[in-house]
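Let's take a friendly walk through this chain together. Have the sequence and the model open side by side as you read.

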Amino acid sequence: MTRKFFHGATQRTTHPLVWFAAVICTVIAIAVIIAGIALFAGYMIIHPRVPFITVTSAHLDNFQNSVAGLLDTEITIIVKAENDNTKAHASFSDTSFTLSFQGLNIARLVALPFDVKKNSSVDFHYLVQSSSIPLSPEQMDQIDISLKRDKISFNLKGNLRARWRVGPIGSVKFWGHLNCHLRFHPSNGSYIHSPCSSRAK
């Protein structure tokens, strides 16, 4: 005689905490998706652009070196802060640049915190005057070569911090960096235009 054994099926119930956790995870996932869609839509509508600073013009007003190895120079530099955002104003702070010549720091160009209205710009006129800068014999020789070629180069390097509001994303901060050469014809002081901007390339 064959014996048959029947096992009764047991019904397992899901713990309420598991259901609660599943609901919370679902709500969070939906919220993240909605937020992502909103941010993307806001970006496409606003088209945010990073504010930047550009050297638009300059002039070598004076450049003289004496036989004693002392340099006197005067330079006019025009810097433009630009905000191409059409829907948000921008704030600039910690703006500081160092002007140097053959490794010698000549002047520090700074600006107090300022705002630039949407789709607008602000110009800054710097007049750099430096006198009796001691030069080494090698630097004097390099100046003589540059004068014969009628080309003198200075270095402008520094940083700035820009802050602006990008729609639903909120306030955004960005550090800009400037590092370029300012070249002149010492015979007439004219500026040799070349790209000099903190705009990302």
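How many bridges join β3 to strand β5? The answer is three, and these two strands run antiparallel, with β5 covering residues 114-116. Two strands are called paired here if DSSP finds at least two bridges between them.

## Ground rules

What you see is a predicted model, in which local features need pLDDT of at least 70 and side-chain atom pairs count only at pLDDT 80 or more, while totals for chains, interfaces and linings use all residues. Residues are numbered from 1 along each chain as its sequence is written, and side-chain values use heavy atoms, with hydrogens and water left out.

## The chain as a whole

Two helices and nine strands make up the elements of the chain. Helices (H or I, at least four residues) and strands (E, at least two) are DSSP runs, numbered from the N terminus. Read from that end, their order is α-β-β-β-β-β-β-α-β-β-β.

The chain has 201 residues, and 32% of them count as buried. Buried means under 20% relative accessible area, exposed means over 50%, and partly exposed lies in between (1.4 Å probe, protein chains only). About 13300 Å² of the chain is exposed, with carbon and sulfur atoms supplying 58% of that area; accessible areas come from the Shrake-Rupley method with a 1.4 Å probe, and for residues only the protein chains shown count as cover. Among contacts in the chain with a separation of 6 or more, 68% are between residues 24 or more positions apart, a contact being heavy atoms within 4.5 Å.

## Strand β3 and its partners

Strand β3 spans residues 90-101. Is it enclosed or open? Ten of its twelve residues are buried, so β3 is largely enclosed by the rest of the structure. On the β5 side, phenylalanine 92 stands opposite phenylalanine 114.

Strand β4 (residues 104-111) also runs antiparallel to β3, and seven bridges join the two. Threonine 98 has arginine 108 of β4 as its bridge partner, and leucine 99 has alanine 107 of β4. The two strands form a hairpin with two residues between them, and in the turn glutamine 102 has a positive phi of about 50°.

Serine 93 also sits in β3, and with a relative accessibility of 17% this serine counts as buried. Beyond its neighbours within four places in sequence, serine 93 is in contact with Pro113, Leu160 and Arg161.

## A single salt bridge

Side chains of opposite charge can pair when their charged atoms come close. The structure holds one salt bridge, defined as a side-chain nitrogen of Lys or Arg within 4 Å of a carboxyl oxygen of Asp or Glu. Aspartate 94 and arginine 161 form it, with their closest N and O atoms 3.3 Å apart. Aspartate 94 belongs to β3 and arginine 161 to strand β7 (residues 152-166), so the pair ties together parts 67 residues apart in sequence.

How accessible are the two partners? Aspartate 94 is partly exposed at 43% relative accessibility, and arginine 161 is partly exposed too, at 29%.

## The cysteines

A disulfide is a covalent bond between the sulfur atoms of two cysteines. With the cut-off of sulfur atoms within 2.5 Å, the count comes to one disulfide. Cysteine 180 and cysteine 196 form it, their sulfur atoms 1.9 Å apart. Cysteine 180 lies in strand β8 (residues 170-185) and cysteine 196 in the segment after β9 (190-192), 16 residues apart.

Both cysteine 180 and cysteine 196 are buried. Cysteine 25, by contrast, is exposed, with a relative accessible area of 52%.

## Aromatic pairs

Rings of Phe, Tyr and Trp (its six-membered ring) pair if their centres lie within 6.5 Å; planes under 30 degrees apart count as stacked, over 60 as edge-to-face and the rest as tilted. The count comes to eight aromatic pairs. In one of them, phenylalanine 63 and phenylalanine 101 meet edge-to-face, 5.7 Å centre to centre and with 70° between the planes. This pair links strand β1 (residues 52-65), home of phenylalanine 63, to phenylalanine 101 in β3, 38 residues apart.

Phenylalanine 63 and phenylalanine 101 are both buried. They belong to one aromatic cluster formed by Phe63, Phe101, Phe154, Phe184 and Tyr191.
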